[in-house]
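Me: I am new to this structure and would like a close look at one part of it. Please walk me through the nonpolar core, and explain the terms as you go.

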Amino acid sequence: MTTEATPASPPAKKRKRVHPVDQVPPPGKIVALGAQHVVAFYAGAVLVPLLIARAIKLDSDALTMLITADLFTCGIASLLQSVGIWKIGVRLPLLQGITFATLAPVIQIANQHGGGRVGLQTVYGAVIAAGVFTFLIARSSRS
């Protein structure tokens, strides 16, 4: 009985399967989706200051300042989250925007303290204090 040795065929190259979520879309689609993301962000980022300004009766100069401050802080927060500094940030490509959940408290605080620019200064102080408090709580609860 003779047995012939059959040459071993090289193993077939396995293609690594990529989940659809991890696939990179074509460049044209990336640009279109990126533009859509920025437009949606910008609309929300400008609408909230417009609603607040109208409710607390801000003049046009203060409204301009409020929109500018909003866009500036959204930009700083986006950089901190995207790039990350020390232990801060998720290091993912994202845009940090403003939430509509802040409308009622901001309007209430501002109007209880005189409305207009004076009320807005009180809101700024409350936001800074809340931000520091939240940051300290987040840092202490992290393992």
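Reply: Happy to. A nonpolar core is a set of buried Ala, Val, Leu, Ile, Met, Phe, Trp, Tyr and Cys residues joined through side-chain atoms within 4.5 Å. Buried here means under 20% relative accessible area, exposed means over 50%, and partly exposed is in between, using a 1.4 Å probe and protein chains only.

Two notes on the background will help. This is a predicted model, where local features need pLDDT of at least 70 and side-chain atom pairs count only at pLDDT 80 or more, while totals for chains, interfaces and linings use all residues. Residues are numbered from 1 along each chain as its sequence is written, and side-chain values use heavy atoms, with hydrogens and water left out.

Let's set the scene. The protein has four helices and zero strands, and its elements run α-α-α-α from the N terminus on. Helices (H or I, at least four residues) and strands (E, at least two) are DSSP runs, numbered from the N terminus. Of the 143 residues in the protein, 17% are buried. Contact means heavy atoms within 4.5 Å. Among contacts with a separation of 6 or more, 54% link residues 24 or more positions apart.

Now to the core itself. The largest one has twelve residues: Val48, Ile52, Ala53, Ile56, Leu58, Ala62, Leu66, Leu103, Val106, Ala110, Leu120 and Val123. At least two of them come from each of α1 (27–55), α2, α3 (103–112) and α4 (116–141).

A good place to start is Leu66, in helix α2. Its relative accessibility is 10%, so Leu66 counts as buried. Beyond its neighbours within four places in sequence, Leu66 is in contact with Pro49, Ile52, Ala53, Leu58, Leu120 and Tyr124. One of these partners, Ala53, is 13 residues away along the chain, and the two C-alpha atoms are 8.1 Å apart.

Next comes α3, whose buried residues are Leu103, Val106 and Ala110. These cover an arc of only 75 degrees around the axis, which puts them on the same side of α3; the arc is that of the directions from the helix axis to the C-beta atoms. Ala104 and Gln112, on the other side of α3, are exposed. The cover over the buried residues of α3 includes α1 and α4. Val106 shows this at the level of single residues: it touches Ile52 and Val123, not counting residues up to four places away in sequence. Following α3 you will find Gly114, with a positive phi near 100 degrees.

Then there is α4. Its buried residues are Gly116, Gly119, Leu120 and Val123, and they pack against α2 and α3. The expected span of a helix is 1.5 Å times one less than its number of residues. For the 26 residues of α4 that gives 38 Å, and the end C-alpha atoms are 37 Å apart, which agrees.

Charged residues can be followed from here too. Side chains of opposite charge can pair when their charged atoms come close. A salt bridge is a side-chain nitrogen of Lys or Arg within 4 Å of a carboxyl oxygen of Asp or Glu. A search of the whole structure finds one. It joins Asp59 and Arg117, with the closest N and O atoms 3.1 Å apart. Asp59 is in the loop between α1 and α2 and Arg117 is in helix α4, so the pair ties together parts that are 58 residues apart in sequence. Asp59 counts as partly exposed at 37% relative accessibility, and Arg117 counts as partly exposed at 42%.

Asp70, in helix α2 (residues 60–83), is another case: it is buried yet has no salt bridge, and the nearest side chain of opposite charge, Arg117, is 17 Å away. For charge, Lys and Arg count as positive and Asp and Glu as negative, while His and the chain ends are not counted. Setting aside residues up to four places away in sequence, Asp70 touches Ala45, Val46, Pro49 and Ile98.

Finally, a look at one loop. Lys57 is in the loop between α1 and α2. Lys57 has a positive phi of about 60 degrees, although it is not a glycine. Most residues other than glycine have a negative phi. With 70% relative accessibility, Lys57 counts as exposed.
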